[in-house]
Amino acid sequence: MRKCFDHENLDVYQLELRFVEWVTALLANIKQRRCGARIAEVTDQLDRASLSSLLNTAEGNGRRQRRTRAKFFDDARGSVMECAACLDALVAKGICTSEEIRDGKQLLLRIASILTKLILLFDCSPPSVVREEPPDEESAHEEEDENENGPPDSEVRGRRHG
């Protein structure tokens, strides 16, 4: 088949298509077992999440702004994690065996790995860092009280931990 759009050339997109095919067969198999409504929520969510990953990857690859592109790839990765959780839920509910979902989980692992690398490639924001606010007057005095019986700050900073 001739590929017309850029996203069709992405390995991750092709893997996501393979996963959609795989999960469609799994869902058809589950439906034949007549498991009833008790699993409809999980199977419906699995179907939606598999499509969401595929669609977010395609849309993200079409975006020109790097951060927007990374956001769509991140959303696709979130859907991949959701698919993995749905497969786990099918096993936990006794609908599928671990062996039945193994190939799907392996595909999801490869997809998540590639999406993670794409996110890092296109996300140009600095890594998130949690910083403490500078102490106010009251908390600065509390710190001094705590350090009264301990070594001076210069000793603490000079120590090597290892």
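Which helix gives the most to the lining of the largest cavity? Keep that in mind, everyone; I'll get to it after a look at how two of the helices pack. A quick reminder before we start: this is a predicted model.

Let's begin with α1, residues 11-32, and α3, residues 66-92. Their axes come within 13 Å and cross at roughly 25°. Angles under 35 degrees count as roughly parallel, and α1 and α3 are therefore roughly parallel to each other. As for the hand of the crossing, α1 passes α3 in a left-handed one.

If you have the structure open, do pull up the side of α1 that carries E16, F19, W22, L26 and I30. Those residues meet A76, C83, L87 and L90 from α3. What is the chemistry of that contact? Eight of its residues are nonpolar, one is charged, and none is polar. The charged one is E16, so please remember that residue for later.

Now, on to the open spaces. The largest pocket has a volume of about 220 Å³. Eleven residues line this pocket, and those nearest its centre are L27, I30, K31, I39 and T43. You'll recognise I30, which is also one of the α1 residues that meet α3. Two elements give two or more residues to the pocket lining, namely α1 and α2, the latter spanning 40-61. The largest share, four residues, comes from α1. By type, the pocket lining divides into six nonpolar residues, three charged and two polar.

Then there is the enclosed space. How many cavities of 30 Å³ or more does the model have? The count comes to one, and the largest cavity has a volume of about 30 Å³. Around this cavity you'll find E16, F19, V20, S50, S53, V80, L108 and I111. The elements giving two or more residues to this lining are α1, α2 and α4, where α4 covers 98-122.

That brings us back to my opening question. The answer is α1, which gives the most to the lining of the largest cavity, with three residues. Of the residues around the cavity, five are nonpolar, two are polar and one is charged.

And here is E16 again: it lines the cavity, and it also takes part in the contact with α3. F19 does both as well, lining the cavity and meeting α3.

So α1 is the helix to follow as you turn the model around: it gives the largest share of the pocket lining, and it gives the most to the lining of the largest cavity. Thanks, everyone, and over to you for questions.

Note on methods:
Residues numbered from 1 in each chain as written. Predicted model: local features only at pLDDT ≥ 70, side-chain atom pairs only at ≥ 80, totals over all residues. Heavy atoms only, no water. Axes fitted to C-alpha atoms, helices over the stretch in contact; angles between N-to-C directions. Parallel < 35°, antiparallel > 145°, perpendicular 65-115°, else oblique. Left-handed = near helix turned anticlockwise from the far one by under 90°. Contact = heavy atoms within 4.5 Å. 1 Å grid on protein atoms, 1.4 Å probe; cavity = no way out; pocket = protein on both sides within 12 Å on 5 of 7 lines; lining within 4 Å. Points joined across faces, edges and corners; volume = space filled by probe spheres on them.
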